[in-house]
Amino acid sequence: MDSGEARRGESPHRAPALTPEGIPDRLYGRRRGHPLRPRQDRLMQLALPRFRLTAAEAAQAHALFPGAADVWLEVGFGGGEHALALAAAHPSVALIASEVFENGLCSLLTRLVPEGAEATAPPPQRLRLWPEDARHLVALLPDAALGRLYLMFPDPWPKARHAKRRFVNHAMLPVVARVLRPGAEWRIASDDPTYQAWVEEVFADQPWFAPRLDTTERPADWHPTRYEAKALREGRTPRYWIFARSDARWA
């Protein structure tokens, strides 16, 4: 299998039954938009292998980031501006940024890798990329590995029959609860009314997460994203939540 086939095919780190019962173990949505330009293709082939988190590293996340004050995860970083803002604002925190869309990966890598250094530029000390299904990453992480998880403006999958494709899901709550230590935060933002109602439904009457914040005003310590800006331009009202991990057992 050549590198292009590996990039567009099944994950090399995928293992059986990494998603909980009731969640399809299949990644939906696009992996690529417009064709990659030569620079983008070099970033994917030459830079990404050094920047990516492996399954073995995910299983020992804290060992990968010695001296880090904490480890955070962003699921679906889009163009990468939010992940970069987090890394800049919290240099003592290690960040794992997950995204499967190749054009989004290239957008972030373009900001991190100088032109001509695709084969040599080292990854930031406390930033790694997971270019695969974030649900698999969560399954691989150790218990209580994370102090914060971000899910910013995820694909709403608005049709009812597609609800199982959403990262926020009844079956995912205990899975996420396992990797967030007590007191850790799950931060979510969405501008889609269907997803907003879904968040309310999923987080109701469960023991692992307590509401800490629910607002339509972006909190001061949250960084803007292009998706938020688009929603505001188009007249949609985003909502922002913080759910704090309780000390309830996840299993």
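This report describes a predicted model of one protein chain, from its overall make-up to helix α9 and two residues with positive phi.

**Overall make-up**

The protein chain holds 10 helices and seven strands. Of its 251 residues, 51% are buried. Its accessible surface comes to about 11,600 Å², and carbon and sulfur atoms account for 54% of that area. When contacts are limited to residues at least 6 apart in sequence, 81% of them join residues at least 24 apart.

**Confidence**

Mean pLDDT for the protein chain is 89, with 87% of residues at 70 or more. Residues 1-16 have pLDDT under 50 throughout, and the model gives this stretch 26 contacts beyond four places in sequence. Where pLDDT is low, predicted coordinates should not be read in detail.

**Helix α9 and its surroundings**

Helix α9 spans residues 193-203. At its start, a side-chain oxygen of D192 lies within 3.0 Å of the backbone nitrogen of T194. The buried residues of α9 are Y195, Q196, W198, V199, V202 and F203. Viewed down the axis of α9, these buried residues fall within an arc of 160°, so they line one face of the helix. The elements that cover them include the strands β4, β5 (180-190), β6 and β7 (239-245), together with helix α8. Just after α9 comes D205, with a positive phi of about 55°.

**Two residues with positive phi**

Most residues other than glycine have a negative phi. F153 has a positive phi although it is not a glycine, and D205 is likewise a non-glycine residue with a positive value. The table sets out their angles, loops and relative accessibility.

| Residue | Phi | Loop | Relative accessibility |
|---|---|---|---|
| F153 | near 50° | between β4 (146-152) and α8 (173-179) | 10% |
| D205 | about 55° | between α9 (193-203) and β6 (209-215) | 83% |

Which of the terms buried or exposed applies to F153? F153 counts as buried because its relative accessibility of 10% is under the 20% cut-off. D205 counts as exposed because its relative accessible area of 83% is over 50%.

The loops that hold these residues also link up with the surroundings of α9. The loop of F153 runs between β4 and α8, and both β4 and α8 are among the elements that cover the buried residues of α9. The loop of D205 runs from α9 to β6, and β6 is also included in that cover.

Note on methods:
Residues are numbered from 1 along each chain as its sequence is written. This is a predicted model: local features need pLDDT of at least 70, side-chain atom pairs count only at pLDDT 80 or more; totals for chains, interfaces and linings use all residues. Side-chain values use heavy atoms; hydrogens and water are left out. Helices (H or I, at least four residues) and strands (E, at least two) are DSSP runs, numbered from the N terminus. Buried means under 20% relative accessible area, exposed over 50%, partly exposed in between (1.4 Å probe, protein chains only). Contact means heavy atoms within 4.5 Å. Accessible areas come from the Shrake-Rupley method with a 1.4 Å probe; for residues, only the protein chains shown count as cover. pLDDT is the predictor's confidence in each residue, from 0 to 100. The arc is that of the directions from the helix axis to the C-beta atoms. A polar contact is a pair of N or O atoms within 3.5 Å; within protein, one must be able to donate a hydrogen and the other to accept it, and residues adjacent in sequence count only if both atoms are side-chain atoms.
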